[in-house]
Protein chains: 2
Amino acid sequence: MVYELFYWPSIQGRGEFVRLALEEAGVQYLDVAREPGGMARMIAAMDGADHPSFAPPFLKAGDVTVGQTANILMFLGERHGLAPQDAQGKYWVNQIQLTIADLVAETHDTHHPIATSLYFEDQRPEAKRRSADFIDTRIPKFFDWFENILARPEPKDYLLGDAVTYADLSLFQLVAGLRYAFPKALGRIDAGYPLLTALHDRVAARPRIAAYLKSGRRIPFNEEGIFRHYKELDR
Amino acid sequence: MVYELFYWPSIQGRGEFVRLALEEAGVQYLDVAREPGGMARMIAAMDGADHPSFAPPFLKAGDVTVGQTANILMFLGERHGLAPQDAQGKYWVNQIQLTIADLVAETHDTHHPIATSLYFEDQRPEAKRRSADFIDTRIPKFFDWFENILARPEPKDYLLGDAVTYADLSLFQLVAGLRYAFPKALGRIDAGYPLLTALHDRVAARPRIAAYLKSGRRIPFNEEGIFRHYKELDR
């Protein structure tokens, strides 16, 4: 079976968290909307399925369709050893993933604090205000938590210890994205989070992830995705 | 074993989705922060646990601590028959719950579009702009989706058919909260969503939920929670 990922074809966005898990799992997948005629297939699939998704990404695995990023990752994690087998570990990874997702959503709102339906240019002063607070209070609050759980009970290579999980891949992507969007702020903040920074580097160096990041399958960051670099929002 | 719920003592907030599940399950639980000395216990527990939570709510079930609302609900759903047993049903309920959570987060940002760390009064014009878009485009987009999945393959009593799940309880709370926050808008919008409205009423009439809603355990909606009524934001 070949997985079918349905996501916008020109951005990393939320789909990237799924792409990273598929790549690390080393499974075959089709990035449907990037294929000829794929966008039309995606739009049709959004409404046609038994379990329609509110928005991309969603994943087709044979007869099963799963939507919502954290939910797709849980599904893939169970199937491909990217999550612990025991119930407690499974809930813990999901808890971390949902906390990552919260910061991802807040990142999106730094450039769209008023409405997704409006252009950035139509909410520029509000974006500046929101980004300032995001950089000064939100990133540090979340990073404190990530660093803290990486340090417990003693410093670890990955969030759960020796084995990589989908939450590690997502945390790599979060750090990479924030560095792209806010290079000045992150250049200053990063130094305070040695375990988090090491985790980022460790994930990036994993053979399948490293190969993926160098490939054409990795869409570059750009100003249509979640992590956007607008100079005026960085500080 | 008595469950211990850790959440802010004076608001419904995200904790309410957990309270509703505990009430429907008919299990014993302590709403820790509402007990004498409970706030101090909650603050200590946030940092003290093996698996610390980024923020309340979190739930202690014996030795296990679980955080993040949707994650807690999945945990309770599995244990108390508030979710299907099969993997596909389990993912589907989680997908719906995460979509509900997205709208809950957007609701919060209608009164705090710039920063959680600032008062509503410090972001009033932005809140007005964001709320207008929220009412005009976001509520209808989400409600369309909820109504659509309630109608498939034929109109159902609950999201998954005959049996209530934790997502139904959450959807009730979402509708109730939006009606409280935006009575004018919802008075207009509600009429277009007969299945969603019926689901709200059906959940409210379930014996344990009805008893809970009448009890002192149900904290009234207020202007400290997620669903706040500010006349100027309603339209």
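In this predicted model, the side chains of A:R235 and A:D136 form a salt bridge, with N and O 2.7 Å apart. A:R235 sits in the segment after α9 (207–214) of chain A, whereas A:D136 belongs to helix α5, so the pair ties together parts that are 99 residues apart in sequence. Neither partner is buried, because A:R235 is partly exposed at 41% relative accessible area and A:D136 is partly exposed at 40%. A further group of salt bridges shares partners. These join A:E16, A:R19, A:D31, A:R34 and A:R218 into one network.

Within that network, A:R19 pairs with A:D31, the closest N and O atoms lying 2.7 Å apart. A:R19 is in helix α1 (residues 15–25) of chain A and A:D31 is in strand β2 (residues 29–31), so this bridge ties together parts that are 12 residues apart in sequence. Both A:R19 and A:D31 are buried.

Helix α5 of chain A takes part in another bridge, between A:E106 and A:R138 (2.8 Å, N to O). A:E106 lies in helix α4 and A:R138 in helix α5, so the pair ties together parts that are 32 residues apart in sequence. A:E106 counts as buried, because its relative accessibility of 16% falls under the 20% cut-off. A:R138 is likewise buried, at 16%. Over all chains, the search of the whole structure finds 32 salt bridges.

Six salt bridges are found across the interface of chain A and chain B. One of the pairs between the chains is A:K90 with B:E78, whose side chains meet at 3.8 Å, N to O. On the side of chain A that touches chain B, at least two residues each come from α2, β4 (64–67), α3 (69–79), α4 (87–111) and α5 (124–151). The polar contacts between chain A and chain B amount to 28 residue pairs, counted with both residues at pLDDT 80 or more.

In total, 47 residues of chain A are in contact with 47 residues of chain B. About 4200 Å² is buried between the two chains, and carbon and sulfur atoms give 51% of this area. A:F54, A:Y91 and A:R129 supply 19% of the area that chain A buries against chain B, more than any other three residues.

B:K90 is placed in helix α4 (residues 87–111) of chain B. B:K90 counts as buried, because its relative accessibility is 11%. Beyond its neighbours within four places in sequence, B:K90 contacts A:E78 and A:K90 in chain A, and B:E78 and B:P84 in chain B.

Other residues of chain A are open to the surface. A:W8, A:M39 and A:I43 make a nonpolar surface patch of about 260 Å². A:I43 lies in helix α2 (residues 38–48) of chain A. A:I43 is partly exposed, at 46% relative accessible area.

A:P155 occupies the loop between α5 and α6 (166–181) of chain A. A:P155 is exposed, because its relative accessible area of 59% is over the 50% cut-off. Its contacts, leaving aside neighbours within four places in sequence, are A:L150 and A:L195. A:P155 and A:G48 are 107 residues apart along the chain, and their C-alpha atoms are separated by 47 Å.

How values were computed
Residues are numbered from 1 along each chain as its sequence is written. Chains are lettered from A and ligands numbered from 1 in the order in which they are written. This is a predicted model: local features need pLDDT of at least 70, side-chain atom pairs count only at pLDDT 80 or more; totals for chains, interfaces and linings use all residues. Side-chain values use heavy atoms; hydrogens and water are left out. Patches are made of residues with over 30% relative accessible area and no salt bridge: like charges are joined within 9 Å, nonpolar side chains (Val, Leu, Ile, Met, Phe, Trp, Tyr) within 5 Å. Accessible areas come from the Shrake-Rupley method with a 1.4 Å probe; for residues, only the protein chains shown count as cover. A salt bridge is a side-chain nitrogen of Lys or Arg within 4 Å of a carboxyl oxygen of Asp or Glu. Helices (H or I, at least four residues) and strands (E, at least two) are DSSP runs, numbered from the N terminus. Buried means under 20% relative accessible area, exposed over 50%, partly exposed in between (1.4 Å probe, protein chains only). Contact means heavy atoms within 4.5 Å. Buried area is the accessible area (1.4 Å probe) that two parts lose on being put together, summed over both. A polar contact is a pair of N or O atoms within 3.5 Å; within protein, one must be able to donate a hydrogen and the other to accept it, and residues adjacent in sequence count only if both atoms are side-chain atoms.
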